[in-house]
Amino acid sequence: MINPIIKTIDLGDGRTITIETGKLAKQADGSVTVRMGNTVLLATVCAAKDANPGVDFMPLQVEYKEKFSALGRFPGGFTKREGRASDYEILTCRLVDRALRPLFPDDYHAEVFVNIILFSADGEDMPDALAGLAASAAIAVSDIPFNGPISEVRVARINGEFIINPTFSQLEQADMDIMVGATMDNIMMVEGEMKEVQEAEMLEAIKVAHEAIKVQCQAQIELTEACGKTVKREYCHEVNDEELRKDVHDKCYDKVYAVATSGSGKHERSDAFAAIKEEYKANFTEEELAEKAELIGRYYHDVEKEAMRRAILDEGKRMDGRKTTEIRPIWSEVDCLPGPHGSAIFTRGETQSLTTVTLGTKSDEKMVDDVLNHGKERFLLHYNFPPFSTGEARPQRGVGRREIGHGNLAHRALKGMIPQDYPYVVRVISDILESNGSSSMATVCAGTLALLDAGVKMEKPVSGIAMGLISENKGQKYAILSDILGDEDHLGDMDFKVTGTKDGITATQMDIKVDGLSYEILENALAQARDGRMHILGKITETMAEPRADLKPHAPRIETLIIGKEFIGAVIGPGGKIIQGIQEKTGATITIEEVDGEGRIEVSGTNKASIDAALKSIRGIVAVPEIGEVYEGKISSIMPYGAFVEFMPGKDGLLHISEIDWQRLETVEQSGLKEGDTVSVKLVDIDPKTGKFKLSRKVLLDKPEGYEERPPRQDRGDRNRDNRGQRPFRPNNRQQD
């Protein structure tokens, strides 16, 4: 007998979210379905009973998968089945992971697997906004220890109004789009993009999101009680030796504190910390170390953390000797590589990005074919983090979730500053050559410089900064750190990245690792971040403040032409004959598509002459002949009564023998004109019934002095009729227009 338990959440605008458990996937430790409209997610969680030997961290793995059948679609590719996770799925996994991970008990080290599957969708409601709720609810109905629940919501500002969990179509109109994860009491995660909003506006959006999250957390608490899962499983994943812990602290703390406040560099500091630990371990025999080495490592890490935090909170001393608001030294340069279309190096302290820009044509667009998102992308940003950037001796194993997440943040920071009508496809590649703190923000800064160097008409330069936090007693005492180091991120309580222009924020990402972070602290962190951003932006603009006036000589050139929808077929021609002929003749590349009821043509080439020639041919096809206009035409055939002139592509007109010259001609050949000659003609008339064009050459010539008009000549049989008195047959290819 199935007796599902259901909880309903009212969003307050006529929409509801339902959470159901006890019906599907009952062998998992926890399982729920979450439904909003026709969007249905199944979330399950399974945890190992014990921790693996030697594991002293939280081995959490979150997977999010969308089924193409959810929208009644077939997957692409030969196998016609879902393959590796898309970037969108990976980014959704990261959003959920970052909110869940800090809330597992510190001493809980069993493997935990969270799986979220999209089984139904309507293409309007956005499932990623429900994934965090689904994951947390699955844990809530299990016996897995967890200091939640949490939930996540998307909040967008549309026409000045905040909307919780907007639809895809609503989001297109938003000037702010952020995802917020939180418990009943505390913000845990924020990520999103904006159109140059102010810090106070972003803080207001977070508050609106938190109020909605509280309602969803309360529903999970009630669900836990209804399922009888208020008592969680017992576990013992750590065996501690308090005497050893104290000994490590007593013998190492002062030495560690001295290194933490020495102001030395990353590698010197790391070597000094390692030497202190090895010196302490020398007091033990090999047999004792075999038993205690793991505990010594854990307790020594705690000593490093305490020393760093106390130095900052008590003395305001950071590991590299800076003040809490101080930014590391910055140097940058542009045009550092001859091959790419744009390049830049940005170095801040011990973090360095070498970034390049490649400009392409429509054929270089990225094709996106996800379940709910299929289209094309014209602005791409790829981030690479090789092991040598941190001095690690290990192989590079392709693109991981970290690279996708960091690249996405930088992409969101910059994309709003690329004009929507910019004709080029743009690819930015950031290769991190050194890393000690916020390489994603270095990517934003280097990306800005490389785009400017490439001549991309950015609306404004963008800079970014990573902020940190050290706090105690639930935020009663705290220090906000500008431009954090890697160790300050690892040992601190917050990693808060903010990007923006001089006029406002364009993107943000925040992870909070402690309870009790007040809105006052967030407000102060945002204000300090703005000061840091402005300082870094000033350094960027010292190197390059405006886009280059022109592209690099080896960059492709693109011209855009908008034509009437009715001319698209004429430009393409039967079987593509016309457009292919223009490309072959001029050497330019031409793409054409219908956009918003108009024809959009992009003509690209390596030199201006080929582009101009192609544009001239296209304009000739789409131009409307106008009486009184002068044209350069080519004589296509000679007849006894005149010449046919192709004065526009595909448009022939009759240049009657009487209109060739002011003097009377007996034959066309008398004028010296022959097939293939180029001649200037004026369109003097268009027959309203037949649409035939009448051309004149003589009106462009000076009239001879004393010239007298003569009566029109009569048709002569030997010229206009055959010996039977019939007009000669005119082939179809000689018909006008």
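A residue counts as buried when its relative accessible area is under 20%. In this predicted model, Tyr641 comes out at 13%, so it falls on the buried side of that cut-off. Phe644 gets there too, with a relative accessible area of 0%. The rings of Tyr641 and Phe644 have their centres 6.4 Å apart, and with the planes at 90° the pair is edge-to-face.

That pair is part of a wider set of ring contacts: the count of aromatic pairs comes to ten. Another of these pairs is Phe104 with Tyr108, which is stacked, with 6.4 Å from centre to centre and just 10° between the planes. Phe104 and Tyr108 are both buried. Ring pairs also tie Phe104 and Tyr108 into a cluster with Phe146 and Tyr235.

Charges turn up over rings as well. Arg402 lies over the face of Phe385, at 4.0 Å from the ring centre, while the charged end of Lys207 sits over the ring of Tyr519, 5.3 Å from its centre.

Then there is Asn436, found in the loop that runs between strand E17 (425-434) and helix H9 (439-453). Despite the loop setting, Asn436 has a relative accessible area of 4% and is therefore buried. Leaving aside residues up to four places away in sequence, Asn436 touches a mixed group that includes Lys266, Arg269, Arg328, Glu350 and Thr351, along with the run Ile484, Leu485, Gly486 and Asp487. With Gly486 there is a polar contact: the Asn436 side chain reaches the backbone nitrogen of Gly486 at 3.0 Å. As for Asp489, its C-alpha is 9.8 Å from that of Asn436 in space, though the two residues are 53 apart in sequence.

Conventions
Residues are numbered from 1 along each chain as its sequence is written. This is a predicted model: local features need pLDDT of at least 70, side-chain atom pairs count only at pLDDT 80 or more; totals for chains, interfaces and linings use all residues. Side-chain values use heavy atoms; hydrogens and water are left out. Helices (H or I, at least four residues) and strands (E, at least two) are DSSP runs, numbered from the N terminus. Buried means under 20% relative accessible area, exposed over 50%, partly exposed in between (1.4 Å probe, protein chains only). Contact means heavy atoms within 4.5 Å. A polar contact is a pair of N or O atoms within 3.5 Å; within protein, one must be able to donate a hydrogen and the other to accept it, and residues adjacent in sequence count only if both atoms are side-chain atoms. Rings of Phe, Tyr and Trp (its six-membered ring) pair if their centres lie within 6.5 Å; planes under 30 degrees apart count as stacked, over 60 as edge-to-face and the rest as tilted. A charge sits over a ring if NZ of Lys or CZ of Arg is within 6 Å of the ring centre and within 35 degrees of the ring normal.
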